[in-house]
Amino acid sequence: MVFGRGKKAKQELLTDTGAAGEAEAVETGEAGEAEAVETGAAGEASDHAVRGAGPYDVSEIDDQDGYVDLGALLISPREGLQLRLEVEEATQRVVGVTLDLDGSSLQLQAFAAPRSEGLWEEIREQIGQSVGSQGGQVNEIEGHFGIELVAKLPAGDGSEGYRVARFIGVDGPRWFLRGVLGGEAALDRTAAAGLEELFRQIVVVRGENPMPPRDLLQLRLPRDSGAAVPQDAPEFEQPERGPEITQIG
C-alpha cells in the first residue's frame, strides 16, 4: 500500500454536506437528555442492523492492530492500494482521504451526527440540489449500502462529455461516513468491488467529545511508520494533489 498527501480546499470537500459552520442546537436539560439517550439507543440498534457487515464503529471490533490509523478512520491495508490525504490549504488540516485502487478512487469523509437520527437522507437532497445547480443530474439507485446517488456533471472543458461520481453514505452511532466513487467504479459494479469491500472494512472512531452534527471528525497522518502503520505497508510516497472528483456537490 502506498500513502501520499494531497491538497484540497475545505469548501470543495464540504459543499455537498451543507454550508461550513452549520450546526444544530444541542439539547439541554435533564428531560431532554433522558429523551435523547432513550431515542438514541433505539436509533443505534436500528443503524447496526442496516450496516450489517460494515463499515464498523470502533466499539464493534476486538482490536485496532493491522489497520492504518488516520485518527477518525482506520483503513485496512491491501496490495496495490494508494492513500492520499486531502488537506485544507489555509490550515493544513486533513479533511478527507482518498483510496486509489485499480484505476478507480474512493474519497472518504466522516462527520459527527445526531444521536437520534441519521444524516444521509438530508445530504442526498443537498447533493441533488447542488449537482442540479451546476447543470448536472442525479439518479437514486439501490446499492449494497442502501440508497446511493449517481451524479453526472458537464465535463467543464468545453467538450460534450460529463464527469460521473457515485455517492454512498452510511449512518453509524453518532457518525456519518460518506464515500464518493470515481473512475470506472462510479458506473461499473464489477470495477467497484474492491473499493466497496474496503469501504465495508473501514472502522470509524467517533470519540466521546460533544460535536455539532456535520462537523468533520478529525483525521491525521499516522504518527510514525513504526507504530501506526502495519508492518506490511510499503513506505510513503511524496505528497500529490487530491482528485478533482471532490468538486462534485
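Which side chain does a polar contact of 3.4 Å join to that of Ser 76? The partner is Gln 201. This is a predicted model.

## Ser 76 and its surroundings

Ser 76 sits in the loop between E4 and E5. Is Ser 76 buried or exposed? It counts as buried, because its relative accessibility is 13% and the cut-off for buried is under 20%.

The contacts of Ser 76 beyond four places in sequence are Tyr 67, Leu 81, Leu 198 and Gln 201. Gln 201 is thus both a contact of Ser 76 and its partner in the polar contact.

## The nonpolar cores

The largest nonpolar core holds 33 residues. Leu 73, Ile 75, Leu 99, Leu 108 and Phe 199 have the most contacts inside it. Strands and one helix supply this core with two or more residues each: strands E4 (73–75), E5 (82–87), E6 (94–101), E7 (104–112), E10 (162–172) and E11 (175–182), and helix H4 (189–201). A second, separate core has 16 residues. Among them are Leu 119, Ile 123, Val 131 and Ala 165. In soluble globular proteins, nonpolar side chains tend to be buried together.

Leu 99 gives a view into the largest core. Leaving out residues up to four places away in sequence, Leu 99 touches Ile 75, Leu 81, Gln 82 and Leu 83. Leu 99 also touches Ser 104, Ser 105, Leu 106 and Leu 108. Two further contacts of Leu 99 are Leu 195 and Leu 198.

## Strand E7 and its partners

How many of the 9 residues of E7 are buried? The count is 9 of 9. Ser 104, Leu 106, Leu 108, Ala 110 and Ala 112 point one way from the strand. Ser 105, Gln 107, Gln 109 and Phe 111 point the other way. Both sets are buried. In a regular strand, side chains alternate between the two faces of the sheet.

E7 pairs with E6, and the two run antiparallel, joined by 5 bridges. Asp 100 has Ser 105 in E7 as its bridge partner. E6 and E7 form a hairpin with 2 residues between them. In that turn, Asp 102 has a positive phi of about 55°.

E7 also pairs with E11. These strands are antiparallel too, and 8 bridges join them. Leu 108 has Gly 179 in E11 as a bridge partner. Val 180 lies in E11 as well. Val 180 is buried, because its relative accessible area is 3%, under the 20% cut-off. Val 180 and Ser 105 are 75 residues apart along the chain, yet their C-alpha atoms are separated by 7.8 Å.

## Salt bridges

The structure has 9 salt bridges. Side chains of opposite charge can pair when their charged atoms come close. One of the bridges joins Arg 220 and Asp 69, with N to O at 3.2 Å. This pair links distant parts of the chain, 151 residues apart. Arg 220 is in the segment after strand E12 (203–204), and Asp 69 is in strand E3 (residues 68–69). Asp 69 is buried, with a relative accessible area of 17%.

Arg 93 and Glu 88 form another salt bridge, their closest N and O atoms 3.7 Å apart. Arg 93 is partly exposed at 32% relative accessibility, whereas Glu 88 is buried at 13%. Arg 189 and Glu 196 also meet in a salt bridge, at 3.2 Å from N to O. Here Arg 189 is partly exposed, with a relative accessible area of 31%, and Glu 196 is buried, at 8%. Shared partners join Glu 148, Arg 166, Arg 189 and Glu 196 into one network of salt bridges.

## The loop glycine

Where does Gly 161 lie? It is in the loop between strand E9 (146–154) and E10. Gly 161 counts as partly exposed, because its relative accessibility is 33% and that class falls between 20% and 50%. Gly 161 touches Leu 153, Pro 154 and Ala 155, with residues up to four places away in sequence left out.

Definitions and conventions: Residues numbered from 1 in each chain as written. Predicted model: local features only at pLDDT ≥ 70, side-chain atom pairs only at ≥ 80, totals over all residues. Heavy atoms only, no water. Core = buried A, V, L, I, M, F, W, Y, C linked by side-chain atoms within 4.5 Å. Buried < 20%, exposed > 50% of the residue type's maximum accessible area, 1.4 Å probe, protein only. Helix = DSSP H or I, 4+ residues; strand = E, 2+ residues; numbered from the N terminus. Contact = heavy atoms within 4.5 Å. Salt bridge = Lys/Arg side-chain N within 4 Å of Asp/Glu carboxyl O. Pairing = 2+ DSSP bridges. Polar contact = N/O pair within 3.5 Å; in protein donor to acceptor, adjacent residues only side chain to side chain.
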